[in-house]
Amino acid sequence: VAAFISRKAQELSTAVGKPGFDEALMAARDSVLLKAAGRAVIEGEKFDDILRETARSSLAIVARLLVLL
């Protein structure tokens with residue numbers, strides 16, 4: 001996301017002071033937000049996978065230990 005922001009800022013630097021800069025700025029802002037949101041979804045899915053596997057493993061271990069009691 002940081003590299004994406006850097007590219008957008010570089011693109012915007014050529015438009016500073018020109019007509020339409022405010023609109024270009026808002027469009028770049030929205031692009032950055034969409035990029036960040038997409039990244040958050042990907043990372044969230046990875047976390048969900050880890051959490052699901054941790055819960056499954058923990059339950060299996062506890063169930064097996066209870067059989068031994």
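Is V1 buried, exposed or partly exposed? The answer is partly exposed, because its relative accessibility is 39%. The cut-offs that matter here are under 20% for buried and over 50% for exposed, so a value in between counts as partly exposed. One caution before I go on. This is a predicted model.

Let me stay with V1 for a moment. V1 sits in the segment before α1, and α1 covers 2-13. Leaving out residues up to four places away in sequence, V1 touches K35, A36 and R39. Now take V1 and A37. They are 36 residues apart in sequence, yet the C-alpha to C-alpha distance is 9.8 Å.

Now the whole chain. How many helices and strands are there? The protein chain has two helices and zero strands. The radius of gyration is 23 Å, well over the 11 Å that the globule rule gives for 69 residues, so the chain is more spread out than a compact globule. The principal axes give you the dimensions. The C-alpha trace spans about 75 × 15 × 10 Å.

What about burial? Buried residues make up 12% of the 69 residues. The accessible surface comes to about 5,700 Å². Of that surface, 68% belongs to carbon and sulfur atoms.

Next, helix α2. It runs over residues 21-68. That is 48 residues. From its first C-alpha to its last, α2 reaches 70 Å, close to the 70 Å expected at 1.5 Å a residue.

Which residues of α2 are buried? They are F21, A28, V32 and A60. And what do the buried residues of α2 pack against? They pack against α1.

Look at that from the α1 side. K8 lies in helix α1. Is K8 buried or exposed? K8 counts as buried, because its relative accessibility is 19%, and the cut-off for buried is under 20%. Its contacts, again skipping residues up to four places away in sequence, are A28, S31 and V32. Two names there should sound familiar: A28 and V32 are among the buried residues of α2.

On to charges. How many salt bridges does the structure hold? It holds six. I will go through three of them.

The first one to show is D30 with R29. Their side chains meet at 2.9 Å, N to O. D30 counts as partly exposed, because its relative accessibility is 35%. R29 is partly exposed too, with a relative accessible area of 43%.

Next, K46 and E43. The closest N and O atoms of this salt bridge are 3.5 Å apart. Why does the spacing along the helix matter here? K46 and E43 are three residues apart in helix α2, so about one helical turn separates them. The general rule is that an α-helix has 3.6 residues a turn, so residues three or four places apart point the same way. As for exposure, K46 is partly exposed, with a relative accessible area of 43%. E43 counts as partly exposed at 37% relative accessibility.

Then R56 and E53. Their side chains meet in a salt bridge at 2.7 Å, N to O. Both residues lie in helix α2, three residues apart, about one turn of the helix. Which residues do shared partners join into one network? Salt bridges that share partners link R39, E43 and K46. You have met R39 already, as one of the contacts of V1.

Back to E53. It is partly exposed, with a relative accessible area of 37%. Compare its position with R64. The two are 11 residues apart along the chain, and their C-alpha atoms are separated by 17 Å.

Last item: the nonpolar surface. Which residues make the nonpolar patch? I61, L65 and L68 make it. The patch covers about 340 Å². L65 has its place in helix α2.

To recap. The chain has two helices and zero strands. It is more spread out than a compact globule, with a radius of gyration of 23 Å. The buried residues of α2 pack against α1. There are six salt bridges, and R39, E43 and K46 are joined into one network. That is all from me.

Terms used
Residues are numbered from 1 along each chain as its sequence is written. This is a predicted model: local features need pLDDT of at least 70, side-chain atom pairs count only at pLDDT 80 or more; totals for chains, interfaces and linings use all residues. Side-chain values use heavy atoms; hydrogens and water are left out. Helices (H or I, at least four residues) and strands (E, at least two) are DSSP runs, numbered from the N terminus. Buried means under 20% relative accessible area, exposed over 50%, partly exposed in between (1.4 Å probe, protein chains only). Contact means heavy atoms within 4.5 Å. Patches are made of residues with over 30% relative accessible area and no salt bridge: like charges are joined within 9 Å, nonpolar side chains (Val, Leu, Ile, Met, Phe, Trp, Tyr) within 5 Å. Accessible areas come from the Shrake-Rupley method with a 1.4 Å probe; for residues, only the protein chains shown count as cover. A salt bridge is a side-chain nitrogen of Lys or Arg within 4 Å of a carboxyl oxygen of Asp or Glu. The expected span of a helix is 1.5 Å times one less than its number of residues. The radius of gyration is taken over C-alpha atoms; the globule rule is 2.2 Å times the number of residues to the power 0.38.
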